[in-house]
Amino acid sequence: MGPERMDDALAAVPRRYALSFTTGALLAREAALLAPVFVERRDWERVRDEAVARNLLQARTSSTGVRLVRETVKRLSALADDEIGLLVEATASERAHLMWAAACRRYELIGEFAEEVLRERFLLLASTLRHEDFDTFVRAKALWHEELAQVTESTLRKLRSNVFRMLQEAELLSEAGLIMPVVLSDPVAAVLTARTPSDLRYFPTRLTEGPVR
């Protein structure tokens, strides 16, 4: 096989989904504690080391603290510096919306579920999002992703549970499973639409553009 065909073959292989999002849920509280440290240090490795050393997240055990810090930093590092600055000054709702966007960026599976199922159902006027919708989505993706085909039922339950907890904490889904139309503040809508494609695709909204300036 020539180099061009080899490149084409590699390009056709889908990237493996990262499935390590079972620690914490939305992590908005944790983000509020670590984001100011990054604004001062401008180095995520230093943020992680300092947060663990000082137990900034007030975890009950050292191992829990390490896991929470590592996962929070992983999510926060998916945000741009101006988004981190916005998160530091954000309201609780703004922080939740930014951390949902961060989770969607960091974990492609969550982002695709948000775009292809959550927002699509909202646009089609479906009022609910059920666990079965997530399971159907994962089964469809498993046709192209061996790592999903190998997921055990217990792991699938953990992944599903955490995604739905994130949605509820971000106030995008009620405890009864009702999709809640999002109301984004102008600053958050602006940073989400500054990306190409717009990160509004992760939210139950009919907006396609940010606020008019």
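**A tour from the loose end to the core**

Start by selecting residues 6-11: pLDDT stays under 50 there, and the model gives this stretch two contacts beyond four places in sequence. This is a predicted model, and where pLDDT is low, the predicted coordinates should not be read in detail. Don't let that put you off the rest: the mean pLDDT of the protein is 91, with 92% of its residues at 70 or more.

Next, head for the largest nonpolar core, a set of 64 residues. Try selecting Leu76, Met99, Trp100, Phe113, Leu129, Leu167 and Phe203, the ones with the most contacts inside this core. Then colour helix H6, residues 92-106: eight residues of the core come from here, the largest share.

Zoom in on leucine 76. What does it touch, once neighbours within four places in sequence are set aside? You'll find Ala31, Leu34, Ala35, Trp44, Ile84, Leu87 and Met99 in contact with leucine 76.

Now pick helix H7, residues 108-123. At 1.5 Å a residue, its 16 residues should span 22 Å, and the end C-alpha atoms sit 21 Å apart, which agrees. Look along H7 for a kink of about 35°, centred on alanine 114. Alanine 114 is also one of the buried residues of H7, which include Phe113, Val117, Leu118 and Phe122, along with Glu112 and Arg119.

Which helices do those buried residues pack against? Show H6, H8 (131-142), H9 (146-149) and H10 (153-169), and you have the partners of H7's buried residues.

Last stop: leucine 125, which follows H7 and has a positive phi, near 70°.

Note on methods: Residues are numbered from 1 along each chain as its sequence is written. This is a predicted model: local features need pLDDT of at least 70, side-chain atom pairs count only at pLDDT 80 or more; totals for chains, interfaces and linings use all residues. Side-chain values use heavy atoms; hydrogens and water are left out. A nonpolar core is a set of buried Ala, Val, Leu, Ile, Met, Phe, Trp, Tyr and Cys residues joined through side-chain atoms within 4.5 Å. Buried means under 20% relative accessible area, exposed over 50%, partly exposed in between (1.4 Å probe, protein chains only). Helices (H or I, at least four residues) and strands (E, at least two) are DSSP runs, numbered from the N terminus. Contact means heavy atoms within 4.5 Å. The expected span of a helix is 1.5 Å times one less than its number of residues. The bend at a residue is the angle between axes fitted to the seven residues ending there and the seven starting there. pLDDT is the predictor's confidence in each residue, from 0 to 100.
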